[in-house]
Amino acid sequence: MRPSFLFLYIILLITTSCNSNKISLEPPLVDGKYDDYVRLGVEPIALSDDVNLYIYQNEHYVWLAYNYPEGSFGTLDLEIDSESLDTPLNLHVSAQLGEWEIGNDEQQPKDSTSDLWWEIDGWTSNVVWLNGMDRTGDEPQINFKNAECREIQISKSRFGKGIWRLKFNIRAIVGGNGERYEINYPENDAYYNLEVS
């Protein structure tokens with residue numbers, strides 16, 4: 001006996017419903033857009049009048065994202081410490097990515113051509129994008145283009161579970177008054193304790 005049209009229609013509705021629920025729970029893509037976090041219902045943490053922080057995690061990763069006004073670069077030095085790390089680390093995001101142990105000057109790149117850049121493990125981020133060269137002046141200048149937010153994806157397999165102690169230094173934010181400023185969050189040498197499960 002062939003199944004009825006109604007039976008097939010019900011199966012189609014159930015399949016569509018399951019697939020749409022699955023899509024709505026997909027984790028963020030590190031693409032410089034923060035609509036994924038809004039879609040996932042992440043409550044923003046106000047870091048300033050201009051910048052909100054979004055935090056999301058699943059079984060394998062933690063995502064940290066913050067938006068910033070147009071014209072900002074929103075570069076980052078993120079201090080992170082956890083029980084799985086022997087030494088607290090600085091995760092650096094600008095036009096390049098780097099990481100080094102806090103207080104270890106030999107691991108920190110000294111210039112933009114250092115081989116220490118891109119020596120990262122267990123995390124990634126969108127960078128300030130290179131967008132061609134401006135050759136109108138005497139010296140060629142690099143054009144940079146920026147996304148609407150900075151996103152950092154961090155692996156729990158390297159950084160572990162439990163409490164992560166975080167400190168954000170976000171630079172080159174252009175406020176509503178046109179002035180540049182930076183954000184240190186939390187202030188006064190405190191740490192943001194993130195419970196990672």
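This report describes a predicted protein model, its strands and one arginine.

## Basis of the model

Local features rest on pLDDT of at least 70 and side-chain atom pairs on pLDDT 80 or more, while totals for chains, interfaces and linings use all residues. Residues are numbered from 1 along each chain as its sequence is written, and side-chain values use heavy atoms, with hydrogens and water left out.

## The chain as a whole

The protein chain holds three helices and 13 strands. Both are DSSP runs, numbered from the N terminus: helices are H or I with at least four residues, strands are E with at least two.

Of its 197 residues, 39% count as buried, that is, under 20% relative accessible area with a 1.4 Å probe, protein chains only. The accessible surface comes to about 12,100 Å², by the Shrake-Rupley method with a 1.4 Å probe. Carbon and sulfur atoms own 50% of that surface. Contact means heavy atoms within 4.5 Å. Among contacts between residues at least 6 apart in sequence, 56% join residues at least 24 apart.

## A five-stranded sheet

One open sheet has five strands in the order β1-β2-β3-β10-β7, with antiparallel pairing. Its edge strands are β1 and β7 (123-125), each pairing on one side only. Two strands pair if DSSP finds at least two bridges between them. Strands of a sheet pair through backbone hydrogen bonds, either parallel or antiparallel.

## Two hairpins

Strand β1 covers residues 45-46 and β2 covers residues 52-57. Two bridges join them, and they run antiparallel. I45 has L53 of β2 as its bridge partner. The two strands form a hairpin with five residues between them.

β2 also pairs with β3 (residues 61-67), antiparallel, over five bridges. Y54 is matched with A65 of β3, and Q57 with V62 of β3. This hairpin has three residues between its strands.

## R171 and its neighbours

R171 lies in strand β11 (residues 162-174). Its side chain makes a polar contact with the side chain of D77, at 3.0 Å. A polar contact is a pair of N or O atoms within 3.5 Å; within protein, one must be able to donate a hydrogen and the other to accept it, and residues adjacent in sequence count only if both atoms are side-chain atoms.

Leaving out residues up to four places away in sequence, R171 touches F73, G74, T75, L76 and D77. R171 also touches H92, Y181 and E182.

Terms used:
Buried means under 20% relative accessible area, exposed over 50%, partly exposed in between (1.4 Å probe, protein chains only).
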